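Welcome! Please take a moment with the sequence and the 3D view, and then follow this short tour.

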Amino acid sequence: MSKVKYYYDSETLSYKKIEQKKGRRLGIALLSITGSFLAGFILLIIYLNIPQIETPKEKALKRELQNMKLQYGLLNKKMDQIQDVMANIEDRDNNIYRLYFEANPIPEEQRKAGFGGINRYKDLEGFDNSKLITETTKRLDILTKRLVVQSKSLDEIAELAREKGELLSAIPAIQPVNNEDLSRIASGYGVRTDPFTKARKFHYGMDFTAPRGTPVYATGDGRVARADSRSTGYGNHIRIDHGYGYTSLYAHLYKYNVRRGRRVKRGDVIGFVGNTGRSEAPHLHYEIFKDGKRINPINFYYGNLSPEEFGEVLDKAQRENQSLD
């Protein structure tokens with residue numbers, strides 16, 4: 001409550017209340033407000049220019065923030081290096097591995113696609129360093145997705161390699177008898193003279209001359225489908241199912257070394273040369289089937305012949321002589 005002031009009136013010989021004028025009151029009020037504003041402004045200038053005193057906790061948080069920025073910078077540099085390595089792997093995957101195994105390359109858009117739909121990074125927004133954290137997290141997510149895509153691709157390549165390895169092991173690829181000097185080829189695939197009727201007819205295999213008891217080898221991995229003499233003209237014979245549509249046949253055997261249902265590997269001894277069935281002399285009649293159709297066995301000796309030796313074998317097999325069965 002403001003104090004009431006009085007003055008002494010000499011004319012009336014009494015004290016009277018001092019009445020303040022309204023304009024003066026307003027002026028004092030404005031002066032007080034202006035003074036307060038100026039004082040506050042001066043204090044603000046002083047506050048902004050005088051170094052602030054940081055508490056230990058503030059100093060620790062500031063150091064932690066600086067360290068976080070440094071670590072994020074190092075993380076981005078490492079991701080740059082990883083992306084370069086990843087790009088090299090992806091390039092080899094598309095242009096070497098998948099090309100070799102006849103698989104379609106993975107599109108670049110699929111490898112480097114981001115994530116659609118809802119904002120996955122909403123929780124990272126609203127902070128001083130939100131942009132740094134969000135961009136780094138996005139890069140890490142995309143890189144992780146690229147790694148997942150590449151991992152699945154390599155799994156596919158591994159499976160294709162396994163299947164191709166099995167295919168290469170299964171396809172007949174060697175001569176069925178030991179023929180190092182290439183002297184045992186008696187007759188090839190094609191029209192030949194029948195040894196019994198002397199008529200010209202198609203000979204569906206290749207004949208290898210060899211003494212009775214000469215080992216006969218499986219020309220590729222597979223399962224023995226037959227080992228009997230129940231096919232006209234073949235005598236004792238073996239059929240191996242190699243899978244992938246391939247079957248090999250070994251006829252006129254003296255005896256067997258395998259039974260039906262047995263798994264064999266390329267080079268295993270499966271029987272021995274004989275003269276059973278419709279045969280003029282001891283020899284091995286050898287045939288190859290693809291999807292049930294007979295094809296020329298001459299194209300399946302790449303496993304143990306040089307180009308020069310193959311040329312010599314081809315020349316002998318093409319001679320239109322007399323077959324032995």
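## A small starting point

Let us begin with one pair of residues: Tyr217 has Val269, in strand S13, as its bridge partner. Please keep in mind that this is a predicted model.

That pair belongs to a wider pattern. S7 and S13 (residues 269-273) are joined by three bridges and pair in the antiparallel sense. Both take part in an open sheet of three strands, ordered S7-S13-S11, with antiparallel pairing. On the edges sit S7 (215-217) and S11 (253-256), each of which pairs on one side only. On average, neighbouring strands of this sheet are turned by 40° against each other, direction ignored.

## An enclosed strand and its partners

Next, look for strand S10, which covers residues 246-251. Is S10 largely enclosed or largely open? Five of its six residues are buried, so S10 is largely enclosed by the rest of the structure.

S10 pairs with S9 (residues 237-243) in the antiparallel sense, over five bridges. Within this pairing, Arg239 has Leu249 of S10 as its bridge partner. The hairpin of S9 and S10 has two residues between the strands, and Tyr244 takes a positive phi near 60° there. S10 also runs antiparallel to strand S14 (residues 283-290), and six bridges join the two. Here you can find Tyr250 standing opposite Tyr286 of S14. As a general point while you look at strands, side chains in a regular strand alternate between the two faces of the sheet.

## A second hairpin

Now move to strand S4 (residues 190-193) and strand S5 (residues 200-203), an antiparallel pair with four bridges. One of the partnerships to find is that of Thr193 with Arg200 in S5. Six residues lie between the strands of this hairpin, and in it Lys198 takes a positive phi near 60°.

## The largest pocket

S4 and S5 come up again at the largest pocket, where S4, S5 and S14 each supply at least two residues of the lining. This pocket has a volume of about 280 Å³. Its lining is made of 17 residues, and those closest to the centre are Lys201, His203, His285, Glu287 and Asp325.

Which strand gives the largest share of the lining? That is S5, with three residues. By type, the lining residues of the largest pocket divide into three nonpolar, seven polar and seven charged.

## Two residues in the helical part

Finally, turn to the helices. Pro105 lies in the loop between helix H2 (56-100) and helix H3 (108-111). Is Pro105 buried or exposed? Pro105 counts as exposed because its relative accessible area is 52%, and the cut-off for exposed is over 50%. Pro105 and Glu90 are 15 residues apart in sequence, while their C-alpha atoms are 9.5 Å apart in space. Setting aside neighbours within four places in sequence, Pro105 is in contact with Asn94 and Arg98.

Ser153 has its place in helix H4 (residues 130-170). Ser153 counts as buried because its relative accessibility is 2%, and buried means under 20%. Leaving out neighbours within four places in sequence, Ser153 is in contact with Asp93, Arg98 and Ile106. Arg98 therefore appears in the contacts of Pro105 and also in those of Ser153.

Technical notes. Residues numbered from 1 in each chain as written. Predicted model: local features only at pLDDT ≥ 70, side-chain atom pairs only at ≥ 80, totals over all residues. Heavy atoms only, no water. Pairing = 2+ DSSP bridges. Axes fitted to C-alpha atoms, helices over the stretch in contact; angles between N-to-C directions. Buried < 20%, exposed > 50% of the residue type's maximum accessible area, 1.4 Å probe, protein only. Contact = heavy atoms within 4.5 Å. 1 Å grid on protein atoms, 1.4 Å probe; cavity = no way out; pocket = protein on both sides within 12 Å on 5 of 7 lines; lining within 4 Å. Points joined across faces, edges and corners; volume = space filled by probe spheres on them. Nonpolar A, V, L, I, M, F, W, Y, C, P; charged D, E, K, R; others polar.
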